[in-house]
Protein chains: 2
Amino acid sequence: MATGRTHRPATRSRGIPEATVARLPLYLRALTALSERSVPTVSSEELASAAGVNSAKLRKDFSYLGSYGTRGVGYDVEYLVYQISRELGLTQDWPVVIVGIGNLGAALAGYGGFASRGFRVAALIDADPAMTGKPVAGIPVQHSDDLEKIVSEDGVSIGVIATPAGVAQQVCDRLVAAGVTSILNFAPTVLSVPDGVDVRKVDLSIELQILAFHEQRKAGEEPGAEAAAGGPAGASGAAVPPAARSTEDTSRKGPDGDMPAVMPA
Amino acid sequence: MATGRTHRPATRSRGIPEATVARLPLYLRALTALSERSVPTVSSEELASAAGVNSAKLRKDFSYLGSYGTRGVGYDVEYLVYQISRELGLTQDWPVVIVGIGNLGAALAGYGGFASRGFRVAALIDADPAMTGKPVAGIPVQHSDDLEKIVSEDGVSIGVIATPAGVAQQVCDRLVAAGVTSILNFAPTVLSVPDGVDVRKVDLSIELQILAFHEQRKAGEEPGAEAAAGGPAGASGAAVPPAARSTEDTSRKGPDGDMPAVMPA
DNA sequence: ATGTCTTTGTGAACGCGTGCACAAAGATGG
DNA sequence: CCATCTTTGTGCACGCGTTCACAAAGACAT
C-alpha cells in the first residue's frame, strides 16, 4: 500500500504541466464571465489580469493546449471556453458522492459551483441512521451501509470526504474499493491510497496557519505598526514556556485529529 | 492598486521557503497526535510518513528552523511542537472575523480546528438584516454595517470571506480599509488587494476540476478499464460541437461568477 | 499589394523546490 | 575509553515553473 501522495511526482499528463492544469479552471472562470457579457475576443493581457496571473504565464499555459489564439487580435472567448472545458473533462457528466453530511457536507451539497461545471451530486452518504432519508439540499441522505452499492451503480469515480478525521481513512478505503479513483478530502488527515488514485486535500486550518505565519512576520518586521494595522492582542515579545503551552494545548478541547473538518454542530 | 497576488513572488520570509511554511502545519498536526499518545521522541522517517512527505524533505524543512534534532535519536516531540507553533505564530491569539454567514460561513463558524490552533472567532458578519442577532455556532451574527467597528475594536487582522462572489471585492476592500492584512477567500473571485495584504484562496470548484482532468486522462489512457473503474456515463470519444456546448453552458443556471462559495440554501 | 501595428507563441535563462547520498554527531554497549 | 550503530543535517545535482524578450504571424489601413 503506497503512502498517500497528494502531489503527483511531476508526472506531466500528456505534456501539460501540473501547474498549468491547476490554473485552467481560473482561466475558465474568467472566460465564462466574458462570455456572459458577450465579449467576442480577449487578449492575453486582459484575460491574465482578470484571472490574476501574469500574461506571459497565461500564454505559455495556452501554448500547451495548442495554438488557439490569433496574433494581433487575441483569443476567441467561446472557442477557448470550449477547449479548456474539454481539456478539463467538463464536457462530460461527473457523478460525485459526498460522504459525511455534517455542517460542511451539507454546505457542499448545496454548492452552486458543482452543477454549473458538469459535476452532479449523485448521492449524500452519512453513517448516522438518524440522517438517513432526511433531505439535504433536496437530496435524501443515504446510509453508509449502501456506499458500495451507490458507487458502483451510479458509476461514481469522484468522492468527497467530509467526515471526521477518525473515520476518513476507512471511508476512503471503502470508496476506493468500490471503484472511486479521485478523492477530495476535507478531513484533516493524510490519506493512504493505492497507486492510480488521486487525492486532493482542502484544509482550512492549514490555510489559516499559513496566514498567521505571514501575519506574525509582518507585525514583527514593522515595529510600531501594530496599533495602526490592528495587531493581535498579546503581541508582546515574550515567549511562552514550552511546557505550559504544550500541556495547555493537549488538554484544551480534544485531539482535533479526531475532529471533523467542520463540526456537525 | 496592485493586482491581487495570491502567491507571494518567492519572497522568502526570513529564509524559510514558502513551500516549507506550507508544510509546517502538517508536521504540527502529526506531532500533536504523537504528543497526545505521549510519544517522547520521533525520527524524521516516522514523522515524515505520518505527515505524508519524504523524510529528506522533512529534515531540510526543519533545518530552516534550526537544529532541533538529536542525531542517533530523533526529535523531541514536545519541543518541536512548541518550536513550530511559535514559528507559525500560534502561540498568540488571533481574532478572526467571518463575513458571509451562508451555509459555508456557518460551517466555518463551527469549525473545531479554529479554536484548537489559537484562532478565535471574534465575530460573524452578514449583510442580511434577518440574520442579525441570530446565534450561529453560539455566536450572534452582527450586521455588516458594523464591520469597521468590529475589526478595529477587536484588533482583527485576519478575515474570512464566505460571501457570494459578487460582493467579495467590496467586502475585501472594507476589511482591508479597516485594518485586516490577511484574508482567506472562499468566494470564487480574484481579489485585488494592496501590497502588504496576504490573500489565500480556497475554491472547491477548482479542486474538483483538477480531479476531473486527471480522471479523464486515466479513463482515456486505459481503454477497457472504464467498466471496472466505474467510468463516467457518457464516456464516448465523440466531441461536443463548440457552439452547442458553449451556449448551453451560459444559459444553464447562472453566472456562477455571482454565486456564493456555497449557496445559502 | 504593401507597410505598419498589435499580439501571439516560444526559446532561453534563472530560481526555487526536491531528492540523493554522505559526512558529522551523538547515543549506546562493552 | 573506544567501537559501533543510528539518525541528523546538508552539499549537490536535477527538474519544474516562471519570466523575459523577441521573432513570427496575422489584422488592418492605405
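**Questions about the DNA surface, the helices and the strands**

Biologist: Ser44(A), Tyr75(A), Lys57(B), Lys60(B) and Arg71(B) come nearest among the 27 residues around DNA strand C, and 64% of the strand C atoms that come within 4 Å of the protein belong to sugar and phosphate. What makes a residue count as near a strand?

Modeller: One of its heavy atoms must lie within 4 Å of the molecule or strand. This is a predicted model, in which local features need pLDDT of at least 70 and side-chain atom pairs count only at pLDDT 80 or more, while totals for chains, interfaces and linings use all residues. Residues are numbered from 1 along each chain as its sequence is written, chains are lettered from A and ligands numbered from 1 in the order in which they are written, and side-chain values use heavy atoms, with hydrogens and water left out.

Biologist: Why is the pair formed by Ser44(A) and DNA strand C called a polar contact?

Modeller: A backbone N or O atom of Ser44(A) lies 2.5 Å from a phosphate oxygen of DNA strand C, and a polar contact is a pair of N or O atoms within 3.5 Å, so the pair qualifies. An N or O atom in the side chain of Arg59(A) is 2.9 Å from a base nitrogen of that strand, whereas Gly72(A) has a backbone N or O atom 3.0 Å from a sugar or linking oxygen.

Biologist: Which element supplies the largest share of the surface near DNA strand C, and what classes of residue does that surface hold?

Modeller: H3(B) gives the largest share, four residues, in a model where helices (H or I, at least four residues) and strands (E, at least two) are DSSP runs numbered from the N terminus. By class, the surface has eight nonpolar, nine polar and ten charged residues, where Asp, Glu, Lys and Arg count as charged, Ala, Val, Leu, Ile, Met, Phe, Trp, Tyr, Cys and Pro as nonpolar, and the others, Gly among them, as polar.

Biologist: What surrounds DNA strand D?

Modeller: There are 27 residues around DNA strand D, the closest being Arg23(A), Arg71(A), Ser44(B), Arg71(B) and Tyr75(B), and sugar and phosphate again make up 64% of its atoms within 4 Å of the protein. A polar side-chain atom of Arg71(B) is 2.9 Å from a base oxygen of DNA strand D, one of Lys60(B) is 3.2 Å from a base nitrogen, and a polar backbone atom of Gly69(B) is 3.1 Å from a phosphate oxygen.

Biologist: How do you know that the span of helix H1 of chain B fits its number of residues?

Modeller: The expected span is 1.5 Å times one less than the number of residues, so the 19 residues of H1(B) (18-36) should span 27 Å, which agrees with the 28 Å between the end C-alpha atoms. A kink of about 25° nevertheless lies at Leu24(B), shortly before the proline Pro25(B), the bend being the angle between axes fitted to the seven residues ending there and the seven starting there.

Biologist: What makes H1(B) a mostly covered helix, and why is Ser38(A) called exposed?

Modeller: Of the 19 residues of H1(B), 14 are buried, where buried means under 20% relative accessible area, exposed over 50% and partly exposed in between (1.4 Å probe, protein chains only). Ser38(A), in the loop between helix H1 (18-36) and strand E1 (41-42) of chain A, has 61% relative accessibility and therefore counts as exposed. Its phi is near 60°, a positive value in a residue other than glycine, and Ser38(B), which follows H1(B), also has a positive phi near 60°.

Biologist: Why is Ala122(A) called buried, and where does this residue lie?

Modeller: Ala122(A) has a relative accessible area of 18%, and therefore counts as buried; this residue lies in strand E5 of chain A. The C-alpha atoms of Ala122(A) and Val151(A), 29 residues apart along the chain, are separated by 8.9 Å.

Biologist: How do you know that strands E4 and E5 of chain A pair?

Modeller: Strands pair if DSSP finds at least two bridges between them, and six join E4(A) (residues 94-99) to E5(A) (residues 119-126), the two running parallel. Pro95(A) stands opposite Arg120(A) in E5(A). Both strands belong to an open, mixed sheet of seven, in the order E6-E7-E5-E4-E8-E9-E10, whose edge strands, E6 (135-136) and E10 (198-201), each pair on one side only.

Biologist: Which way do the residues of strand E9 of chain B point?

Modeller: Ser182(B) and Leu184(B) point one way and Ile183(B) and Asn185(B) the other way, and all are buried. Four bridges join E9(B) to the parallel strand E8(B) (residues 158-161), and Asn185(B) is the bridge partner of Ile161(B).

Technical notes: A polar contact is a pair of N or O atoms within 3.5 Å; within protein, one must be able to donate a hydrogen and the other to accept it, and residues adjacent in sequence count only if both atoms are side-chain atoms.
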